[in-house]
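Reader: Could you take me through the enclosed spaces in this model, with the rules used to find them?

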Amino acid sequence: MPFVQSRSLRVDIEALAYLDQTRLPQVEQWEACNTPEAWQAAVKRLAIRGAPLIGLSAAFVLAQYAARNPQGNWQGVSDNLRATRPTAVNLMYCLDAMEACFDQGVEALWARATALFEEDRALCQAMAERGADLLRDGDRVLTHCNTGALATAGVGTAIGAFSVANTRGTKLHVYVNETRPLLQGGRLTAWEMADLDIDYQLICDSMAASLMAAGKVDKIMVGADRICANGDFANKVGTYMLAVLAHYHQVPFYVVAPYTTVDTACATGAEIPIEQRDGSEVRGVTGAFGEASWAPKDAPVWNPAFDVTPATLVTGWVLDTGVFDQDAIARGEHCRER
Ligand code: MRU
């Protein structure tokens, strides 16, 4: 019997397995992940990805390490896991929670990791319901990256809202940005839209402006990797571009995330560490679909994985606790203790 099971993570006492997201949608392959090193390798290559899933899987791999190494350096392992990807704060949230249980032993660590997983499932449902409340029948909604069941323990964040709306009978048309360079939209969100039976069209990121100019986008909903005390937030690179376009074209722009993505210690977006990735991801593409490289093999590349959207461009922050507007954010209501 699995301890926990989601769309992309399976855990029991013996083994941890993940659905390799680099191989989707062509190949659905589960891989074992039974050491901190294996987890780090999978997270670095984005086989395990999405802010909540990174944190939850880290919690389980830490519990598993502790169970197998009662005298091991639990703190050292946690420090290494923490350093694997710097931007999504959910990883820090989960590891903080695990470290707080170190003195209670292995059983407490398993219980804590399981509780974090169940919490995320509930948070997804709560924010998805609130996000769905904002969606109207016939809405044409643009989204970026992948924010669905693949990236969380539950229905997802922005995609969770689409999913709940769909279940309620609210008909949507979702425009899916392909999300260069690693194509989380083209590979994963398109796959999830089809799986959920939601009407969608895939577009190249560079088409979003003319789509909005043509009046074909009613709302934009995206996820987040870290939301600051002032409401600035980091998400997949390309999100800021959408927010600027939304502002110009007067399209409501929403960010959907759980409270575990809010970092009250981060005052503004300038303080968010942005992960820089290898240039090969921009010089070409690789996946289960094959491999192609089009740029000169030594072409210099700038490849930040995330960008920061200033709070002034956001219409609403859809959290599990409520939908916050600019005034509520300025009062710090999204930072309240839970
Ligand atoms: O680099 P990734 O694929 O892990 O980036 C994921 C995103 O940017 C998502 O939008 C974010 O994690 C929120 S998803 C629940």
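Reader: Which helix gives the most to the lining of the second largest cavity?

Author: In this predicted model, where local features need pLDDT of at least 70, side-chain atom pairs count only at pLDDT 80 or more, and totals for chains, interfaces and linings use all residues, the lining comprises Pro52, Leu56, Asn90, Tyr93, Cys94, Leu116, Glu119, Asp120, Leu123 and Thr260. Residues are numbered from 1 along each chain as its sequence is written, and side-chain values use heavy atoms, with hydrogens and water left out. A cavity is a set of points on a 1 Å grid over the protein atoms alone where a 1.4 Å probe fits but cannot get out, and lining residues have an atom within 4 Å of a point. At least two lining residues come from each of H2, H4 (90–99) and H5 (106–133), helices being DSSP runs of H or I with at least four residues, numbered from the N terminus, and the most, four residues, come from H5.

Reader: What is the volume of the largest cavity?

Author: By this rule there are three cavities of 30 Å³ or more. A volume is the space filled by probe spheres set on the points, which are joined across faces, edges and corners; for the second largest cavity it is about 60 Å³, and for the largest cavity about 180 Å³.

Reader: Where does the largest cavity lie with respect to the domains?

Author: Its lining has 24 residues, with Arg49, Gly50, Ala51, Asn146 and Asp225 nearest the centre of the largest cavity. Because domain 1 (4–123) and domain 2 (128–335), with bounds from an automatic or database domain assignment, both give residues to this lining, the largest cavity lies between domain 1 and domain 2.

Methods. 1 Å grid on protein atoms, 1.4 Å probe; cavity = no way out; pocket = protein on both sides within 12 Å on 5 of 7 lines; lining within 4 Å.
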